[in-house]
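This report concerns secondary structure and charged side-chain contacts. The sequence and the structure are shown below.

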Amino acid sequence: MNVFSHLSEVIHREIEELCGAGALPAGLDLSAVQVEPPREAEHGDAACNAALVLAKQARRKPREIAEHLAERLQERTEIRSVDVAGPGFVNLRLTDDFWWARLAELLATGPGYGADDLGQGQRINVEYVSTNPTGPLHVGHARGAVVGDALANLLSHMGFAVTREYYVNDAGAQVDTLARSVHARYREACGETIGAIPEGLYPGDYLVPVGEALAARDGRRWLEEPESVWLPEVRNFAIDAMMGLIRDDLDALGVRHDVFSSERALVAEGRVDDAYASLESSELIYRGVLEPPKGQRDDDWEPREQDLFRATRFGDDTDRPLRKSDGTWTYFATDIAYHRDKIERGFADLIDVWGADHGGYVKRMKAAVAAISNDSATLDVKICQMVKLLDDGEPVAMSKRAGRFVTLRDVVGEVGRDVVRFIMLTRRNDAPLEFDLRRVLEQSRDNPVFYVQYAHARACSALRRGAELVPETELTPAALAGADLTCLDDPAELDLIRRLCQWPRVLAGAALAHEPHRIAYHLQELAGAFHLLWTRGKDDARLRFVDAERPAETRARLALISGVRIVIAEGLALFGVEPVQEMR
């Protein structure tokens, strides 16, 4: 049960009853009525804003509505007390019996607790990583990969039909630069002395084996041919090699996509022309001259007529060009075609996970999606801010163009896949993130991945200890659901149960907001409450988790521990992290 959804349904029914009894006018819009955990725990278990949001349309004072509602709610058996606070908040405290029943429900459900058919099979496309295929992935790419993958896991868990997609940007000038860089390494593999890599090419050593592989396949075939002949062949070979490298990088992180879409294929198949024609037929393209970009002097700006998309009609700051001065498509034009392709494949809900340098691109892309779908499709763009890589507090410099950078696989090899995945989700995607190669391995409460994993390991340890000291007790979650949970009457135990029972709400909220980091926050808070109770049990024998002399209390506490283990394991699984059974 999602406790807060349950209470929301209860309050909606009570308001409708008040309307039927004439205490409130009929036909009230209840869509803004919410039930949430209060900001301060001392205010109760749940808070409702009904009186505040209904006052204007009901033409009643908020406290009058709140007092009517409180009177009715007080009669419900699961509610211990109702308080009207401030201008009209309704604060609820639920009975201990209610919370014990929710813990039993969690245990009876077992793995999968909190999962819901929220999406009802709705198709949704999540595109992430989508870096240019010009080299291995670095630690900055890891953040978008993990955010996109965890979000796809979460949405799938909550009943959405998710397609995970990677867009290969293989049609721009960068892949031509890649081809020239590989050709230089190819010449080197054929025995030529090439000296320093020319300025503007990629100097990284990761291209050496690509050049050697090309030489092994084609011999000296491309040494004497002009660039116009070898460039297309070498470009295709290089792109394939880089995408193989990128797939291996993603596999090391546990990230796999369902679909790889090619920008070059879109252009070759005429899909960009089709998208252009569609916008033109809707009178959304015109010949015009743009104003100089903000901050640029008029004498530095050369005005010229261009094909412009009426992006301002859909909320953008300016209209956008679709062709370059040489007549080729802009990146924006191919991106329009790509998103149109997604929509034509049946996706009305699109999520794009982009890097920090694409923040200024969001408005135009949302405008394009609105235009090409006639406002029938939605696009949510998740911008992942930069990752600052540190080593014991000292910055680690990265420069792909200079050939000096820390690859994603370097980091995974240093600290492990699970650590990388969890740490990347400990901040909002749009907040900067520091990743310290030393500190993420520390065994302290300041290290969130250790703190959560340690809670899971402690839970497993206590269950193993329980099996030894109380061997007659069956310790499956389903069996423990039948324990006498009324033994769990200490405030810290009840607080832990409440946190466990917030899990369905956390999952639903994270899925609807497309914010997987909410799960990391909740796991850390849950782990903190569990560790606190564990510590108290060391000081107070009455709160020990396992006590052979007190079998009823032990069984109840093992039930509570089992609930902690289930929720933490479920959360880590959504992150693609393996929950550990013991710490080493």
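## Salt bridges: criterion and count

A salt bridge is taken here as a side-chain nitrogen of Lys or Arg within 4 Å of a carboxyl oxygen of Asp or Glu. In this predicted model, the rule gives a count of 45 salt bridges. Side chains of opposite charge can pair when their charged atoms come close.

## Individual pairs

Arginine 60 and glutamate 64 form one of these salt bridges, with 3.7 Å between the closest N and O atoms. Arginine 60 is partly exposed at a relative accessible area of 26%, and glutamate 64 is partly exposed at 33%.

Aspartate 176 pairs with arginine 235 in a salt bridge whose closest N and O atoms are 2.7 Å apart. Because aspartate 176 belongs to helix α6 (residues 173-189) and arginine 235 to helix α8 (residues 227-252), this pair ties together parts that are 59 residues apart in sequence. Both aspartate 176 and arginine 235 are buried.

## A contact between α8 and α13, and a network

Helix α8 also contains aspartate 249, and arginine 409 lies in helix α13 (residues 408-415). These two residues form a salt bridge, the closest N and O atoms being 2.5 Å apart. The pair therefore ties together parts that are 160 residues apart in sequence. With a relative accessibility of 1%, aspartate 249 counts as buried, since the cut-off for buried is under 20%. Arginine 409, by contrast, is partly exposed, with a relative accessible area of 35%.

Salt bridges that share partners also produce one network, which joins Glu165, Arg271, Arg340, Asp341, Glu344 and Arg345.

## Helix α1

Helix α1 covers residues 3-20 and has 18 residues. The distance from its first C-alpha to its last is 26 Å, close to the 26 Å expected at 1.5 Å a residue. Among the buried residues of α1 are Val3, Phe4, Leu7, Val10, Ile11, Ile15 and Leu18. The buried set also includes His6, Ser8, Glu14 and Cys19. Glycine 22 follows α1 and has a positive phi, near 90°.

## The β3-β4 hairpin

Strand β3 (residues 79-85) pairs with strand β4 (residues 89-94) in the antiparallel sense, over six bridges. Valine 82 has leucine 92 in β4 as its bridge partner. Three residues lie between the strands of this hairpin, in which glycine 86 adopts a positive phi near 55°.

Definitions and conventions. Residues numbered from 1 in each chain as written. Predicted model: local features only at pLDDT ≥ 70, side-chain atom pairs only at ≥ 80, totals over all residues. Heavy atoms only, no water. Pairing = 2+ DSSP bridges. Helix = DSSP H or I, 4+ residues; strand = E, 2+ residues; numbered from the N terminus. Expected span 1.5 Å × (residues − 1). Buried < 20%, exposed > 50% of the residue type's maximum accessible area, 1.4 Å probe, protein only.
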